[in-house]
Amino acid sequence: MPLIMGMSMLLACQMLGELVARGLGVSIPGPVIGMVILLASLMVYGKVPSSLRSTGEGLLRYLTLLFVPAGVGLMVHGALIGADFWPIVITLFAATAVTLAVTGWVLARLQGRRARRSS
Amino acid sequence: MKVAALDQLWVYLSGNPLLSLLVTLLAFQLAVRVNRALGGTPLLHPVTLSIALLIGFLLLVDMDYATYFEGAQFIHFLLGPATVALAIPLYDHRERVRRLLLPLLVACVTGIVTAVASTLGLAMLFGARHETLMSLAPRSVTSPIAMGIAEQIGGIPSLAAGLVLLTGSIGCILGPPIFRLLRITDPAVQGFTMGLAAHGFGTAHSFARLGAVAGAFSGLSMGLTGLLTAFLLPLITRLLGLG
């Protein structure tokens, strides 16, 4: 039963999230709101029920597999990707490099300053 | 035994969700094995490899994506509950998050704005189409969230998912040399950066190559980035007059 209970909790949070997203007409995906709902519930409850942990961590362990069906959808967009091939390739490489560099640099500086202050 | 019977069997199988479900699982296992045999290189990530294998298979047997997805949707559906489950690692690291809340938040928002601005800026500069732009915008966020965002702002969810996957594998290739260049050695900073720029791929890479601390921070930043981007991106695109 733990698998069923854990799955029920995840699905219940997702459903609540979807309902909130549709009901309020906000442009945030339902599962994301579900994640916030679950996080808030865990904070209130004070621990992660073992059934939820085993189901959730099982799902997250195979997270990469779950991307595959959507990724295969790239084949449908062959024409669009072909038309925008170089903009896409250059953007992916350059923007990822810039994002990595800026984020790493900012966090390293902020942490360094904090460490110096506290020592 | 008649040859015609085999034909009919294939007609039955190719219209049945069973085949695409099984093929997806097999392709993934094969890809994981190949990647492991090559020493876990980020150049050939199991996900990109299995996608390539599956596209090759579908083209070979002349099956269209809609038919394939009839079966594969059972795997795809689990992305929703998996996104919800990201709350668990976030909850586990709540103490560390609370202590470092301000630096982490500042770095996260800076990183997101950098990611979105550089992506949109470069793609516009090189003349990408509107749908491409809107599918590229959420590319540094984990797929389930990115697909939702792309749909909301007028991109194509499945294209966004593919671009997210490519971003993830590119992040794993570019991350380590950039850390060396900027002399970033703190595993927490490395992990957080990987999780922000390369989502789940970065997290898996951090756990495997940079250690447990980096992995935990990477998972944290993946969740945080997904959450904040879902709130921020619609605002940014509206601000730029693209929404």
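## Two helical chains in a predicted model

UniProt, in an unreviewed entry, places the feature "transmembrane region" at residues 31–48, 60–80 and 86–108 of chain A. UniProt positions follow the numbering used here, feature names are shortened, and annotations may be inferred rather than shown by experiment. Everything below comes from a predicted model, in which local features need pLDDT of at least 70, side-chain atom pairs count only at pLDDT 80 or more, and totals for chains, interfaces and linings use all residues. Residues are numbered from 1 along each chain as its sequence is written, while chains are lettered from A and ligands numbered from 1 in the order in which they are written.

For chain B, the unreviewed UniProt entry puts "transmembrane region" at 12–31, 43–61, 73–91, 100–126, 159–179, 191–208 and 214–236. Here is how four of the annotated stretches look in the model. Helices (H or I, at least four residues) and strands (E, at least two) are DSSP runs, numbered from the N terminus.

| Stretch | Helix | Strand | End C-alpha separation |
|---|---|---|---|
| Residues 31–48, chain A | 83% | 0% | 19 Å |
| Residues 60–80, chain A | 71% | 0% | 31 Å |
| Residues 191–208, chain B | 100% | 0% | 11 Å |
| Residues 214–236, chain B | 100% | 0% | 29 Å |

How confident is the predictor in chain A? Its pLDDT (the predictor's confidence in each residue, from 0 to 100) averages 85, and 92% of the residues score at least 70. Within chain A, helix 1 has the highest confidence, at 92, and helix 5 (residues 78–83) the lowest, at a mean of 79.

Now to the domains, whose bounds come from an automatic or database domain assignment. Chain A has domain 1 (1–61) and domain 2 (69–119), with centres 28 Å apart, taken over C-alpha atoms. Chain B is divided into domain 1 (3–77) and domain 2 (84–239), and 28 Å also separates the C-alpha centres of these two. Two residues are in contact if their C-beta atoms, placed from the backbone, lie within 7 Å; by this rule, 6 residues of domain 1 of chain B meet 7 residues of domain 2 of chain B. The domain 1 side of that contact in chain B has 3 nonpolar, 3 polar and no charged residues. In this scheme Ala, Val, Leu, Ile, Met, Phe, Trp, Tyr, Cys and Pro count as nonpolar, Asp, Glu, Lys and Arg as charged, and the others, Gly among them, as polar.

Between the chains, the contact takes 63 residues from chain A and 85 residues from chain B. Helix 6 of chain A gives the most to the chain A side, with 25 residues. That side divides into 45 nonpolar, 14 polar and 4 charged residues.

Helix 4 of chain B (residues 65–77) deserves a look: it has a kink of about 55°, centred on G71(B). The bend at a residue is the angle between axes fitted to the seven residues ending there and the seven starting there. Which residues of helix 4 of chain B are buried? They are Y68(B), A72(B), I75(B) and H76(B). Their cover includes helix 4 of chain A, along with helices 2 (17–37), 3 (46–61) and 5 (79–85) of chain B.

Finally, I37(A) lies in helix 2 of chain A. I37(A) is partly exposed because 19 other C-beta atoms lie within 10 Å; 20 or more would make a residue buried and 12 or fewer exposed, with C-beta atoms placed from the backbone. Leaving aside neighbours within four places in sequence, I37(A) is in contact with C13(A), L16(A) and G17(A).
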